[in-house]
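Hi,

Here is the structure I promised to pass on to you. Have a look at it first, and then read on for my notes.

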Amino acid sequence: MTDSPQRGADRPGARGTDRSLARRAELIVIGRKLFADTSYDALSMDDIAKQARVAKGLIYYYFRSKRGYYLAIVEDSVAELVSRAGSGLELPPEERVHRTIDGYLRYAEHNQAAYRTIISGGVGFDAEVHAIRDGVREAIVETIAEGAYGRRKVGPLPRTALLGWLCSVEGATLDWIAHRGLSRDLMRELLVRMLGGTMRAVEELDVSYPAPQAARRTT
């Protein structure tokens, strides 16, 4: 009985926190759309506040600056991409690789502006933005390595090879979402076979990293 007032006192604070997080998330969603249509340099804080229909002080409250707002948008997009690509850990290795690539393509297909921002950096050469992009690359390389070799951390040769494959995936995916000449299924199969070729090349150079059986298919 004596703890009832305490529980009642806690609930409003929790609701306030929930509302604050929801408001921040809402501003990030709005920001994704704004930066998708207009370049970073072309948007002032006044422009952002006007188009978002909020007081400029609210954006400063949550993000401190335009750059902080932009970085929060990029980080949110990266977290979603990594989550999509890293799902399906319960699957067998071959299916996991297919699921990873399919999740990656689905994200790019349905979040084209955010994907372009992640890959291009969006603000010229911004070291912090590029560090975020490098982080997502590392996370996806580790996800592919786990599916292919059973561990996330691999030696320099397979890591470099997988990173090179992923960079080619980025370029191909940017072209795919721009022109849509291939179905997602065909695009996925193309990237899977490119990955198989990369893994066979790794094995030829270092037999301690044998290519998975699926990567040995020639048909």
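Below is what I found when going through it.

One thing to keep in mind from the start: this is a predicted model. The fold is helical, with nine helices and zero strands. If you follow the sequence from start to end, the pattern reads α-α-α-α-α-α-α-α-α. Of the 219 residues in the chain, 42% are buried. About 12000 Å² of the chain is exposed, and carbon and sulfur atoms supply 54% of that. Looking at contacts with a separation of 6 or more, 64% of them involve residues 24 or more positions apart.

There is one annotation to point out. The unreviewed UniProt entry marks residues 44-63 as "DNA-binding region". In the model, that span is 80% helix and 0% strand, and its end C-alpha atoms are 14 Å apart.

Now to the aromatic rings. The structure has five aromatic pairs. One of them is Phe63 with Tyr69, a tilted pair with 4.8 Å from centre to centre and 40° between the planes. Both partners are tucked away: Phe63 is buried at a relative accessible area of 6%, and Tyr69 is buried at 0%. Another pair, Tyr104 with Tyr115, is edge-to-face, at 5.6 Å centre to centre and 85° between the planes. That pair links distant parts of the chain, since Tyr104 is in helix H5 and Tyr115 is in helix H6 (residues 112-120), eleven residues apart. Tyr104 is buried, with 5% relative accessibility, and Tyr115 is buried too, with 0%. Going back to Phe63 and Tyr69, they belong to one aromatic cluster together with Tyr61 and Tyr62. There is also a charge over a ring: the charged end of Arg180 sits over the ring of Trp176, 4.6 Å from its centre.

The charged side chains gave me the most to write about. Side chains of opposite charge can pair when their charged atoms come close. The count here comes to 17 salt bridges.

My suggestion is to start with Asp102, in helix H5 (residues 93-110). Is Asp102 buried or exposed? Asp102 is buried, because its relative accessible area is 12% and the cut-off for buried is under 20%. Which residues does Asp102 touch, leaving aside its neighbours within four places in sequence? Those contacts are Arg184 and Arg188.

Asp102 has a salt bridge with Arg106, where the closest N and O atoms are 2.6 Å apart. These two residues both lie in helix H5, four residues apart, which is about one turn of the helix. Arg106 is partly exposed, at 34% relative accessible area. Asp102 also forms a salt bridge with Arg188, with 3.1 Å between the closest N and O atoms. This second pair links distant parts of the chain, with Arg188 in helix H9 (residues 184-205) and Asp102 in helix H5, 86 residues apart. Arg188 is buried, with a relative accessible area of 16%. Asp102, Arg106 and Arg188 are part of a salt-bridge network that also includes Glu109, Arg180, Arg184, Asp185 and Glu189.

One more salt bridge to look up is Arg152 with Glu142, whose closest N and O atoms are 3.4 Å apart. Arg152 lies in the loop between helix H7 (127-149) and helix H8 (156-179) and Glu142 lies in helix H7, so the pair ties together parts that are ten residues apart in sequence. Arg152 is partly exposed at 35%, whereas Glu142 is buried at 12%.

Cheers

Note on methods
Residues numbered from 1 in each chain as written. Predicted model: local features only at pLDDT ≥ 70, side-chain atom pairs only at ≥ 80, totals over all residues. Heavy atoms only, no water. UniProt positions renumbered as here; feature names shortened; annotations may be inferred. Buried < 20%, exposed > 50% of the residue type's maximum accessible area, 1.4 Å probe, protein only. Contact = heavy atoms within 4.5 Å. Areas by Shrake-Rupley, 256 points an atom, 1.4 Å probe, with all protein chains shown as cover. Phe/Tyr/Trp six-rings, centres within 6.5 Å; stacked < 30°, edge-to-face > 60°. Lys NZ or Arg CZ within 6 Å of the ring centre and 35° of its normal. Salt bridge = Lys/Arg side-chain N within 4 Å of Asp/Glu carboxyl O.
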